[in-house]
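This report introduces one structure to a reader who has not met it before. The sequence and the coordinates are shown first, and the description follows.

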Amino acid sequence: MEKIRVELGERSYDIFIGRGLLKDIGKTIRTFGFSDKIALISNPTVYGFYGKEVSEKIKASDHDLLEVLIPDGEEYKSLADTEKIYEALLKAKLDRKSSLIALGGGVIGDITGFAAATYMRGIDFIQVPTTLLAQVDSSVGGKTGVNHPLGKNMIGAFWQPRLVWIDTATLDTLPRREFLSGLGEVIKYGVIWDEKFFAYLETNRDKILRLDPTALTYVIRRSCEIKAEVVSKDERESGLRAILNYGHTIGHAIETITGYKKYLHGEAVAIGMHLEARLSEQLGLIDKGNVLRIKTLIDSYDLPSAMPDMIVMNELVEKMQIDKKTVAGKLHFMLPEKVGSVRIYSEVTAKDIMKLAG
Ligand SMILES: NC(=O)c1ccc[n+]([C@@H]2O[C@H](COP(=O)([O-])OP(=O)(O)OC[C@H]3O[C@@H](n4cnc5c(N)ncnc54)[C@H](O)[C@@H]3O)[C@@H](O)[C@H]2O)c1
């Protein structure tokens, strides 16, 4: 089992990674001193695979367990569904010392974290992420929240989990496309932070794609280490943490324009990473060779890298201007200078973006 510390003063916590960890969840929450009353939040899909095992283990460690299932889908990451969670917790008389467990992907992790942040002014929660994206990204760092009809992730709070418990065996049941999408975020860590990790992804593609346990654990561990390091230095995104948004400015715009239907998050980020690398090249910040290296790795993991035909360029610019990552109407981008290093660039014009169309 691997252990990574997220250093955040009194809010510090550990991430554990290993194959088969779910069977030890009961003992672990006992050891970590979680309260007797616990609510497990999941969805029917994930619960169908892992819910029974997790419930049994928690009950076997003498915890009083409430189960709350919300339907599967991004549209249920909402205030209405958060209220359903509150209602269940109140009816079962969970109090300020009770804890929540998020068993699922990023949707379950985000809504559970938000419920934990707000229920009785904040209670403990544990992340048990079951998608690759949640394991390498959303379960770490304390961004929690729900969607609003006027925008994704618009309602939320910074609220750190007390523990992140990653069982890599849960990826065995994850649909292939969801797995590849998670690799989009993994590639991002290589580009923004660690050339050696990027090279590892280049060399070990076949092992990673066949879910070789050693390679997979390494990929998840290194991704979590990088995220933990960035978040430790800038928990609330007042500076450094923004580098995690590489690929996301264009990625989010593409997701919005396509109504969150055509691309999974990591796929849109993959296109965003390639286009933002090209933007960087256009501005003279990165050379052709590095851009090609980024594109080649994205392609080799069967992720999309090309701008979809249907995207109208000026609609893209418009969407990016209303994106919450822009300040005072200027377009801010995290642009790579080479593989392993990225910088903020605040002077991107609409014209620069339009040139990407060619
Ligand atoms: N908080 C953050 O820092 C952060 C970062 C990135 C993304 N996010 C959020 O994460 C969400 C996306 O997360 P996601 O990609 O994990 O999607 P998801 O939670 O919707 O999960 C994808 C699908 O896989 C299913 N699933 C999950 N685990 C499974 C397993 N082990 N076996 C079989 N099926 C399984 C789910 O039921 C779902 O149908 C978005 O809402 C996004 O905004 C948050």
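In which helix is the place of Ser280? Ser280 belongs to helix α11, which spans residues 265–282. Helices (H or I, at least four residues) and strands (E, at least two) are DSSP runs numbered from the N terminus.

The model is a predicted one, in which local features need pLDDT of at least 70 and side-chain atom pairs count only at pLDDT 80 or more, while totals for chains, interfaces and linings use all residues. Residues are numbered from 1 along each chain as its sequence is written, and side-chain values use heavy atoms, with hydrogens and water left out.

Ser280 counts as buried because its relative accessibility is 0%. Here buried means under 20% relative accessible area, exposed over 50%, and partly exposed in between (1.4 Å probe, protein chains only). Leaving aside residues up to four places away in sequence, Ser280 touches Leu285, Ile286, Leu335 and Pro336; contact means heavy atoms within 4.5 Å.

**The sheet**

Seven strands form an open sheet with mixed pairing, in the order β1-β2-β9-β6-β5-β3-β4. Two strands pair if DSSP finds at least two bridges between them. At the edges are β1 (2–6) and β4 (64–69), each of which pairs on one side only. From one strand to the next, the twist averages 20 degrees.

Strand β5 (residues 99–104) runs parallel to β3 (residues 37–42), and four bridges join the two. Within this pairing, Ile38 stands opposite Ser99 and Leu40 stands opposite Ile101. Strand β5 also runs parallel to β6, with six bridges between them; the bridge partner of Ile101 in β6 is Ile126.

Why is β5 largely enclosed by the rest of the structure? Six of the six residues of β5 are buried, so the strand is largely enclosed. Ser99, Ile101 and Leu103 point one way from β5, whereas Leu100, Ala102 and Gly104 point the other way.

Two helices are placed against this part of the sheet. Helix α2 (residues 44–60) packs on the sheet and touches β3, β4 and β5, its direction making about 175 degrees with that of β4. Helix α3 (residues 79–91) lies across β3, β4 and β5 and runs at about 155 degrees to β4. Axes are lines fitted to C-alpha atoms, for helices over the stretch in contact, and angles run from 0 to 180 degrees between N-to-C directions.

**Two loop residues with positive phi**

Most residues other than glycine have a negative phi. The table lists two residues with a positive value.

| Residue | Phi | Loop | Relative accessibility |
|---|---|---|---|
| Asp62 | about 65 degrees | between α2 and β4 | 62%, exposed |
| Arg121 | about 65 degrees | between α4 (106–118) and β6 (124–129) | 80%, exposed |

**The second largest pocket**

The second largest pocket has a volume of about 290 Å³. Of the 20 residues that line this pocket, Arg11, Asp124, Trp159, Gln160 and Arg162 are the closest to its centre. On a 1 Å grid over the protein atoms alone, a pocket is an open set of points where a 1.4 Å probe fits, with protein on both sides within 12 Å along at least five of seven lines; lining residues have an atom within 4 Å of a point. Grid points are joined across faces, edges and corners, and a volume is the space filled by probe spheres set on the points.

The lining divides into six nonpolar, six polar and eight charged residues. Ala, Val, Leu, Ile, Met, Phe, Trp, Tyr, Cys and Pro count as nonpolar, Asp, Glu, Lys and Arg as charged, and the others, Gly among them, as polar.
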